[in-house]
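This report walks through side-chain contacts and surface features of one structure. Please look at the sequence and the model first.

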Amino acid sequence: DQLKDMFALNDDELKRLKSIQGKATHSAWLTFMYPRLYLAKKVLKDTGVIFVSIDDNEQANLKLLMDEVFGEGSFIAEVIWERAYAPVNLKKHFSENHDYMLVYAKREPSLTSNGLPRSAEADNRYSNPDNDPRGVWQSDNFSVGPAVQDNIYEIILPSGRKVYPPSGRSWLLSNERFEEFKADRRIWFGTDGNGVPRIKRFLSEVRNSSVPMTIWKYQDVGHSQSASQDLKKLFDGEAYFTYPKPIGLIKRTLQLYSQRDSIILDFFAGSSTTADAVMQLNAEDGGNRQYIM
């Protein structure tokens with residue numbers, strides 16, 4: 001009755017909560033989380049996304065809960081964040097060094113990812129050894145697996161050497177398409193013309209963003225120790241917050257799905273890392289994102 005009054009849950013919603021509790025082991029935690037997630041879905045816009053950070057203790061229960069509230073079809077990803085870089089040798093079996101972030105959409109077909117900005121390191125992998133007028137490029141494997149029988153054929157290199165795709169693989173393109181790409185100077189045979197063919201990928205033709213992977217390394221987004229150290233500097237060496245999130249971690253979530261006029265809501269503000277991340281991103285791209293802590 002308290003939940004019903006506090007969060008305006010109807011009878012059907014209370015029945016669903018009890019059903020989830022029956023599947024999980026920590027019903028008190030679920031009772032705490034369910035109405036908040038239910039309200040989060042209500043206030044989330046149709047094109048919105050929610051990230052929920054969790055550790056091993058409740059990860060399985062949270063997945064059940066999120067599937068119930070948002071629907072299994074709205075599941076986008078489970079991100080693993082490397083939150084520590086050194087083992088704790090006092091642990092008996094394993095020293096856990098990761099947390100999870102479950103990512104769900106309000107309506108999956110409406111959700112669009114911005115991708116991650118391309119790094120200078122990625123762009124530096126491109127060069128132009130043959131002075132192609134289309135600009136810098138990098139070469140990619142011209143064989144694929146499993147083999148497509150129609151794409152297994154002989155290629156005569158400029159040096160005169162004859163090559164076939166490796167065993168169990170075939171060429172990326174049909175013979176006809178290969179000749180078209182060759183005529184368009186999109187096939188690279190090495191500086192001496194004797195290398196196994198590779199396909200040229202021009203920087204001018206690739207996306208300005210990259211698709212994120214689901215393991216986020218601490219070198220890219222920070223770790224909990226660095227976040228704690230940053231906060232201590234702000235408070236003259238005092239540690240007022242436990243397990244703060246690094247700003248880089250939250251900024252990455254914002255880069256992926258926020259627009260310049262988005263509103264970002266953080267139910268558990270803590271040290272207000274989310275607010276800091278929003279302000280930093282606004283300063284970088286001229287955005288007008290707002291936050292609610």
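Lysine 251 and glutamate 284 meet through their side chains in a salt bridge, 2.5 Å from N to O. Here a salt bridge is a side-chain nitrogen of Lys or Arg within 4 Å of a carboxyl oxygen of Asp or Glu. Because lysine 251 lies in helix H9 and glutamate 284 in helix H10, the pair ties together parts that are 33 residues apart in sequence. Lysine 251 is buried, with a relative accessible area of 11%, whereas glutamate 284 is exposed at 52%. These words follow fixed cut-offs: buried is under 20% relative accessible area, exposed is over 50%, and partly exposed is in between, with a 1.4 Å probe and protein chains only. Helices (H or I, at least four residues) and strands (E, at least two) are DSSP runs numbered from the N terminus.

The model is predicted: local features need pLDDT of at least 70 and side-chain atom pairs count only at pLDDT 80 or more, while totals for chains, interfaces and linings use all residues. Residues are numbered from 1 along each chain as its sequence is written, and side-chain values use heavy atoms, with hydrogens and water left out.

By the salt-bridge rule the count comes to 17. Three of the pairs are listed here.

| Pair | Closest N to O | Relative accessible area |
|---|---|---|
| Lysine 63 and aspartate 67 | 3.0 Å | 24% and 17% |
| Lysine 217 and glutamate 82 | 3.5 Å | 36% and 15% |
| Lysine 251 and glutamate 284 | 2.5 Å | 11% and 52% |

Lysine 217 sits in the loop between strand E13 (215-216) and helix H7 (218-221), and glutamate 82 in strand E2 (residues 75-82), 135 residues apart. Lysine 63 and aspartate 67, by contrast, both lie in helix H4, four residues apart, about one turn of the helix. Shared partners also join salt bridges of Asp130, Asp132, Arg134, Asp184, Arg185, Arg186, Lys200 and Glu205 into one network.

Helix H4 covers residues 59-70, 12 residues in all, and spans 16 Å from its first C-alpha to its last, close to the 16 Å expected at 1.5 Å a residue; the expected span is 1.5 Å times one less than the number of residues. Its buried residues include Leu62, Leu65 and Phe70. Glycine 71 follows H4 and has a positive phi, near 95°.

Lysine 63 of H4 also lies over the face of phenylalanine 75, at 4.4 Å from the ring centre. Arginine 252 is placed over the face of tryptophan 216, at 4.9 Å from the ring centre. Such a contact requires NZ of Lys or CZ of Arg within 6 Å of the ring centre and within 35 degrees of the ring normal.

Which arrangement do the rings of phenylalanine 51 and tyrosine 257 adopt? Their aromatic pair is tilted, with 6.1 Å centre to centre and 55° between the planes. Rings of Phe, Tyr and Trp (its six-membered ring) pair if their centres lie within 6.5 Å; planes under 30 degrees apart are stacked, over 60 edge-to-face and the rest tilted. Since phenylalanine 51 is in strand E1 (residues 49-54) and tyrosine 257 in helix H9 (residues 247-257), the pair ties together parts 206 residues apart in sequence. Phe142, Tyr153, Trp171 and Phe178 form one aromatic cluster.
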